[in-house]
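Trainee: I am new to this structure. Please pick one part, look at it closely, and then show me how the rest is arranged around or apart from it.

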Amino acid sequence: MNPFRSVGARLGLGLAIVVAAALVLVDLIVVPSLERNLINAKLDQLREAAPTVGSQLLNSPPFTLDDVIQSAADSTNARVVYFQLLDVSPVRLSVFADSSPVTSADVENDRLAVRAYTGRRPVSGTVTTADGERFAEVAQPVFTGPVVLLRASLEDSLQSVHLVRRRLVIAGLIALAASLLVGYLAASVFARRIRRLERAADRIAGGDFSEPVADQGKDELGELAVAFERMRQRLAQLEHARREFIANASHELRTPLFSLGGFLELMDEEELDPKTQAEFMATMREQIDRLTKLATDLLDLSRLDAGQLRVEREPVDLAELADTLVEEFRAVARSSGHDLAVEGTRNATALGDDERALQIGRILVGNALVHTPPGTRVRVRTARRNGSVLLTVEDGGPGIPAEHAEHVFDRFYRVEGSVASGSGLGLAIARELAELMGGSVELHVIPGRTIFALVLPSTAVENGHGFPHGKAVTSAVTPTI
Ligand SMILES: Nc1ncnc2c1ncn2[C@@H]1O[C@H](COP(=O)(O)OP(=O)(O)OP(=O)(O)O)[C@@H](O)[C@H]1O
Ligand SMILES: [Mg+2]
């Protein structure tokens, strides 16, 4: 990066410009006003003294004039010149008495003295002599004599102003250098922290989530780093879930594919009698069914992840849905020796998508038939609970151990030693679909009873009863249906 475009250089330069601007302002405004104040103070002092000096000179006899003018000069700390009129038109004045030992021509016909004489009023101002020296002057007309002039050198005052200006310039230059340095250093520290964040962002963008984003600062950059760290952790979780999903999905796909491959090889290599061939074909069909179900489930999950799955929000009669479910599974239940029936359903209309609600019902009833031994009682019911309608599937099977109950809704999760082998996707899909419809799937584990409930919002808010509240995954809850 061009070093002059770095934050450090820009901040340093910015500070230097501010300091330089402040210096110019001080030089243009503060110094001249200081100079003006000093000159005005001098003029005020002379203006105050001028009338007294005038009357002293007027009242003194000629032989004491020199002494009086000298003592006036000492007390006012100024040169005192007493003029007499030389000519009236044009007005010309000559020095009559002067406190300065050398009466020079520079005060003859002094501009201010002439103006004071002609205007018959005190005049004050500054004059600059030919050799460049500046004086504060007050010319005071005197009653009979023409004018008395008080002239004080401004050298001391101007010297102080120059001194102040010189010191200001030096201090300004030091401040300028310091601001450049401090600005550059401060910005360099920030730039280093920003670069560290930039590197972390690049690492994350490159898929490396191993290194935490750390910044000790408590300022905005520190907060940005904390946000980056949150993002890293979330992306790492998502990446982990994605890898796990792909590994699980490929594993699930491989098993039936291997099995199919093996059967095909056997059928190709050996002469099989029609009975064995028929058995092989039946098993192969089962594997293909499993693969088809798996492909459908994976597609549903990927649509759920991508947010592409749309659900309707329309009235769904869960009692009717319970009947449909039991009808659909009647043959399966009979062949597996399960006692499947609908029990005590009332008109229970929920808000949701009937196709998706049926899909969830199929997952729950399918599980109750698949994961319980033959002869198990399976009951499908509906119930109401404060503003919700429930479709429950209860079985009297071996149940789900408490330590697994929390996880059965996770993708690819299966309870070890289950009666049947599935992919572990059914309940994950059921819960995500239910949530998409604004509902949930609950599991209530009670000794001797396993109850899964699809909870959907009711079409009308009502204060019903008949089922415990909340997402229970506990054996302490005793449903009252
Ligand atoms: N009614 C039940 N009784 C006992 N265990 C159950 C019951 N329902 C689910 N389970 C357990 O929960 C696990 C997860 O169920 P889920 O429906 O998600 O997956 P699966 O049935 O194994 O496979 P899939 O439904 O994808 O074919 C099951 O493997 C099973 O161990
Ligand atoms: Mg299942």
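**A hairpin, its sheet and what lies beyond**

Mentor: Start with the hairpin made by strand 3 and strand 4, which has five residues between the two strands. One of the turn residues, Gly132, has a positive phi of about 90 degrees. Keep in mind that this is a predicted model.

Now look along the two strands. Strand 3 and strand 4 are joined by six bridges and pair in the antiparallel sense. One pair to find is Val127 with its bridge partner in strand 4, Phe135. Next, compare the faces of strand 3. Val123, Gly125 and Val127 make up its covered face. Ser124, Thr126 and Thr128 make up the uncovered one.

Step back to the sheet. This is an open sheet of five strands, in the order 2-1-5-4-3, with antiparallel pairing. Strand 3 (123-128) is an edge strand, and so is strand 2 (92-98): each pairs on one side only. From one strand to the next, the twist averages 30 degrees.

Further in, strand 1 (residues 79-87) pairs with strand 5 (residues 147-153). That pairing is antiparallel too and has four bridges. Within it, Tyr82 has Val148 of strand 5 as its bridge partner. Helix 3 (residues 111-119) packs on this sheet. It touches strand 1, strand 2, strand 3, strand 4 (134-141) and strand 5. The direction of helix 3 makes about 160 degrees with that of strand 3.

A second hairpin is worth setting beside the one we began with. Strand 9 and strand 10 form it, with two residues between them. Here Gly387 in the turn has a positive phi, of about 75 degrees. Eight bridges hold this antiparallel pair in register. Val380 is a good residue to follow: its bridge partner in strand 10 is Val393. Val380 also stands opposite Val342. That second link belongs to strand 7 (residues 339-342), which runs parallel to strand 9 and joins it by four bridges. Strand 9 is mostly covered, with eight of its nine residues buried.

From here, turn to the nonpolar interior. In soluble globular proteins, nonpolar side chains tend to be buried together. The largest nonpolar core of this model has 49 residues. Ile360 and Val441 have the most contacts inside it. Elements giving two or more residues to this core include helix 6 (274-306), helix 7 (318-336), helix 8 (354-370), strand 9 (377-385) and strand 10 (388-395). Helix 10 (426-436), strand 11 (440-446) and strand 12 (449-457) are also among them. Helix 8 gives the most, with eight residues.

Take Val441 as a guide to that core. Leaving out residues up to four places away in sequence, Val441 touches Ile360, Leu364, Phe409, Ala430, Arg431, Ala434, Phe452, Ala453 and Leu454. Another core, of 24 residues, lies apart from this one. Leu46, Leu57, Ala152 and Leu154 are among its members.

Helix 10 deserves its own look. It is mostly covered: eight of its eleven residues are buried. They are Gly426, Leu427, Ala428, Ile429, Ala430, Arg431, Leu433 and Ala434. Their cover includes helix 6, helix 8, strand 11 and strand 12. Just after helix 10 comes Gly438, with a positive phi of about 85 degrees.

Next, the empty space. The largest pocket holds about 1500 Å³. It is lined by 45 residues, and those closest to its centre are Lys293, Asn367, Val370, His371 and Gly422. Helix 6, helix 7, helix 8, helix 10 and strand 12 each give two or more residues to the lining. Helix 8 gives the most, with ten residues. So helix 8 is the top contributor twice over, to the largest core and to the lining of the largest pocket.

Finish with one histidine. His404 sits in helix 9 (residues 402-405). It counts as buried because its relative accessibility is 13%, under the 20% cut-off. Beyond its neighbours within four places in sequence, His404 is in contact with Tyr413, Val415 and Glu416.

Key: Residues are numbered from 1 along each chain as its sequence is written. Chains are lettered from A and ligands numbered from 1 in the order in which they are written. This is a predicted model: local features need pLDDT of at least 70, side-chain atom pairs count only at pLDDT 80 or more; totals for chains, interfaces and linings use all residues. Side-chain values use heavy atoms; hydrogens and water are left out. A nonpolar core is a set of buried Ala, Val, Leu, Ile, Met, Phe, Trp, Tyr and Cys residues joined through side-chain atoms within 4.5 Å. Buried means under 20% relative accessible area, exposed over 50%, partly exposed in between (1.4 Å probe, protein chains only). Contact means heavy atoms within 4.5 Å. Two strands pair if DSSP finds at least two bridges between them. Axes are lines fitted to C-alpha atoms, for helices over the stretch in contact, and angles run from 0 to 180 degrees between N-to-C directions. On a 1 Å grid over the protein atoms alone, a cavity is a set of points where a 1.4 Å probe fits but cannot get out, and a pocket is an open set with protein on both sides within 12 Å along at least five of seven lines; lining residues have an atom within 4 Å of a point. Grid points are joined across faces, edges and corners, and a volume is the space filled by probe spheres set on the points.
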